[in-house]
Amino acid sequence: MAYVATRGGERAIEQSERLFREEMGGFDRQRVEEVKKSLPYLIDRVMGEASLYDEDLAALALAQTGGELYEAVLLLRAWRTTQPRLQVAEPIEQDTLFTHRRISAAFKDIPGGQVLGPTLDYAHRILATDVLQGEGYAPEPVEPAANPSPAYQPSVSAWQAENDLLEQPTPDGTTGNDIPDLTREPLLFPSKRAHTLQSLARAETGGVLALGYAAMRGYGQAHPTVNELRLAEAEIAVTHPDGRQFSAGRVKVSQAEVVDKKGEKLGIGYAATLGWNEVKCISAATLDLNSPGAEKGSATEEEFFLYHTEGVESSGFCIHFKLPHYVTFQSSLDAMRDAKAKKAEQSKSSDMEPAE
Amino acid sequence: MSLSTLTKPWEAMSYGFLDGSAKRELRRKMLKSVAVPGCQTPYASREVPMARGWGTGGLQVSLTLVNPQTRVKVIDQGADDSVNAASIRRFISRVAGTPTTMDTLEADLIQSRHRIPEEILREDQVLVLQVPNPEPLRPVQPNMSIARQMHADADYGRMWLQLYEQIVRSGRVMQGASYPSLVHGRHVMTPSPIPRWDVPKLHMAKHLTILSAGREKRIFAVPPYTKVEPLVFSDVPYKVEEHGHLTCTRSGATGFFMNEIPQDDGSSAFEVSDSEWGVKTIRARDGEGESRGETWYKDGEMSE
């Protein structure tokens, strides 16, 4: 059959995947464990973007994709979406979070104190090249404080609301399966509050940063002050069919409150994610802060930033341009050539007719 | 009641990959799209094990519609052997156990990116078109909430204006593929980036066409025997690509949509874009039997 030569597609794609995998070689449970242990912040980022809290699966996805982050997140999302929704956990309030780190840039000190917790913020960023010379790297041991800081704290905004500095949003009493779920419904605009927060929680970190940074630099209406940034662990409380409530474990969460100082009261923007993702939370909260009243089509308008920070969709569409487009190209080429021929013909005839 | 009566034995994945609730939603949204032809219906659009923009919308529809007897054909730019078509076909068959085919006439369900096959589709066949951008108003209104309102109001003035401006600037409508078309006299839709050549095939077609955009989470449909009219001014007729006179250098087929293959000497050769049509033409030429069905275009002209 004369067309046989063009039927190579199936074999070629199989071999191309083999080539990709050849570089990393095989992997096993041990490598997954190593990834999980050595790269907790990468795991957190991936879990946040995948909106799936499972350190083992996140580490597996990273090992399986060689650290191609978009691929790892897609793997997890595609797995996640096939899983049944067995239970909806009880809502979590800030004062129930087991807090590791809680800082505020708005006040020198806050009730409960500035708790620095784990951070590289004040580290000197010097590459430990000694390690490559064969030296080991062992971190200095942590010296526990004489008085441990209280583990449970309300949010800074709760204190501000008490002092009439800001208007707390009206609590949303929706519970259980009535809570809008972005993973089971399309995002429509004006967006439901739950959808906005869910969408920011699983947004692509770099994308949220880019748009959030644009708002911070002056393309937004509000300049953020970090009211509270928190890294914590949240208890997942679920209700057994027999009515008893129990803990299904703890998950790492991060949240940011940012405020503006424009009116008589503080305006507030909020974001929270699974895993400890500080840059993402601050950027997302900044977008949230800037979104009310933002001009349509501006980077701080919710339709703009929610659509364009969806990592699985944006990265997928970006790489889809590698697919052949010759039919559409041919179609445009035909119109271009025809228009060109028409123009040439027109300039040949000396007396131009006036436009109708 | 015990836990075992509520659960099923563990399986690595559901039949056809998508779980029951995802399929149920898709069925409902498909019915809605059929009921309101050309109107974009939002749907959740689950992630599938393929990147967004690579046919995930079409794939979700196909996975919902198939059963183990459904014979599936997948094409990309007209070709069954294109790498992504091969990948999608392999995936559907792997998770749904469907038989596959390259023959348009044998297929029960055809998932396609950017082409409609040259052979006339029947009432018992379903065409699933992959859609990158479901919004025909995007060039004149990038904001989706405003565009949605415009559809509700049948406010298509800017669409017409855009076509008019192209005629004034370039002497013709410059829209290549994805030619905006009015469905059932009410909704303007994009027929997906099929060439202008293929749009008339949708008009009063016998088959059901479902168009699905996975990344943009919109689904719409052209039910059988529904009017699909490209937006044209009464004095500037609709023009398909001038391919009617071209001959395929491989198969000798004339009068079909062609791929242009640039040659070393600066000229162009052409080969028929519908690869299976090319194969069938070659078979007939080489005396291996006639397997070609009726085509929409005859001698390079769309037949009525």
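These notebook entries record what I looked up in a predicted model with chains A and B.

**Entry 1. Domains of chain A**

I began with the domain assignment of chain A, which lists domain 1 (10–80) and domain 2 (94–121 + 148–315). I noted 27 Å between the C-alpha centres of domain 1 of chain A and domain 2 of chain A. For the contact between them, I found 12 residues from domain 1 of chain A and 16 residues from domain 2 of chain A. I then asked which elements give two or more residues to the side of domain 1 of chain A that touches domain 2 of chain A. They are α3 (40–50) and α5 of chain A. Of these, α3(A) supplies the largest share of that side, with six residues. I sorted the side of domain 1 of chain A that touches domain 2 of chain A by class and recorded six nonpolar, two polar and four charged residues.

**Entry 2. Helices α4 and α5 of chain A**

I next examined how helix α4 (residues 55–65) of chain A lies against α5(A). Their axes come within 8 Å and cross at roughly 130 degrees. An angle of that kind makes α4(A) oblique to α5(A). I recorded the crossing of α4(A) past α5(A) as right-handed. Which residues of α4(A) meet α5(A)? From α4(A) I listed A:L57, A:A58, A:A61, A:L62, A:Q64 and A:T65, and opposite them in α5(A) I listed A:E71, A:A72, A:L75, A:L76 and A:W79. The residues of this contact comprise eight nonpolar, two polar and one charged.

**Entry 3. The sheet of chain A**

I turned to the open sheet of chain A, which has four strands in the order β1-β2-β3-β4 with antiparallel pairing. Its edge strands are β1 (98–103) and β4 (267–274) of chain A, and each pairs on one side only. From one strand to the next, I noted an average twist of 20 degrees. How many bridges join strand β3 (residues 245–260) of chain A to β4(A)? I found eight bridges, and the two strands run antiparallel. Looking at single positions, I saw that A:V259 stands opposite A:I268 in β4(A). I also noted that α9(A) packs on the sheet, where it touches β2 (225–239), β3 and β4 of chain A. The direction of α9(A) makes about 145 degrees with that of β4(A).

**Entry 4. Helices α8 and α9 of chain A**

I then looked up what else α9(A) packs against. Helix α8 (residues 205–219) of chain A and helix α9 (residues 278–290) of chain A pack at an angle of about 50 degrees, with 8 Å between their axes. This makes α8(A) oblique to α9(A). The crossing of α8(A) and α9(A) is left-handed. On the α8(A) side, I listed A:T205, A:V208, A:L209, A:L211, A:G212, A:Y213, A:A215 and A:M216. They meet A:V279, A:K280, A:S283, A:A284, A:T286, A:L287 and A:N290 in α9(A). By class, I counted nine nonpolar, five polar and one charged among the residues of the contact of α8(A) with α9(A).

**Entry 5. Domains of chain B**

For chain B, the domain assignment gives domain 1 (20–230) and domain 2 (258–302). Taken over C-alpha atoms, the centres of domain 1 of chain B and domain 2 of chain B are separated by 24 Å. Their contact takes 16 residues from domain 1 of chain B and 11 residues from domain 2 of chain B. On the side of domain 1 of chain B that touches domain 2 of chain B, I recorded six nonpolar, three polar and seven charged residues.

**Entry 6. A sheet of chain B**

I also looked up an open sheet of three strands in chain B, with the order β6-β5-β9 and antiparallel pairing. Why is one side of β6 (187–189) and of β9 (228–230) of chain B left without a neighbour in the sheet? Both stand at the edges and each has a single partner strand, so one side of each has no neighbour there. Neighbouring strands of this sheet are turned by 35 degrees against each other on average, direction ignored. Strand β5 (residues 181–183) of chain B is joined to β6(B) by three bridges, and the pair runs antiparallel. Within that pair, I noted B:S181 opposite B:M189 in β6(B).

**Entry 7. Where the chains meet**

Last, I looked up the contact between the chains, in which 43 residues of chain A touch 54 residues of chain B. On the side of chain A that touches chain B, α1 (9–24), α5 (69–80), α11 (311–320) and α12 (326–348) of chain A each supply at least two residues. Which element gives the most to this side? I found that α12(A) does, with 12 residues. By class, the side of chain A that touches chain B has 20 nonpolar, 11 polar and 12 charged residues.

Note on methods:
Residues numbered from 1 in each chain as written. Chains lettered and ligands numbered in written order. Predicted model: local features only at pLDDT ≥ 70, side-chain atom pairs only at ≥ 80, totals over all residues. Contact = placed C-beta atoms within 7 Å. Nonpolar A, V, L, I, M, F, W, Y, C, P; charged D, E, K, R; others polar. Pairing = 2+ DSSP bridges. Axes fitted to C-alpha atoms, helices over the stretch in contact; angles between N-to-C directions. Domains from an automatic or database assignment. Parallel < 35°, antiparallel > 145°, perpendicular 65-115°, else oblique. Left-handed = near helix turned anticlockwise from the far one by under 90°.
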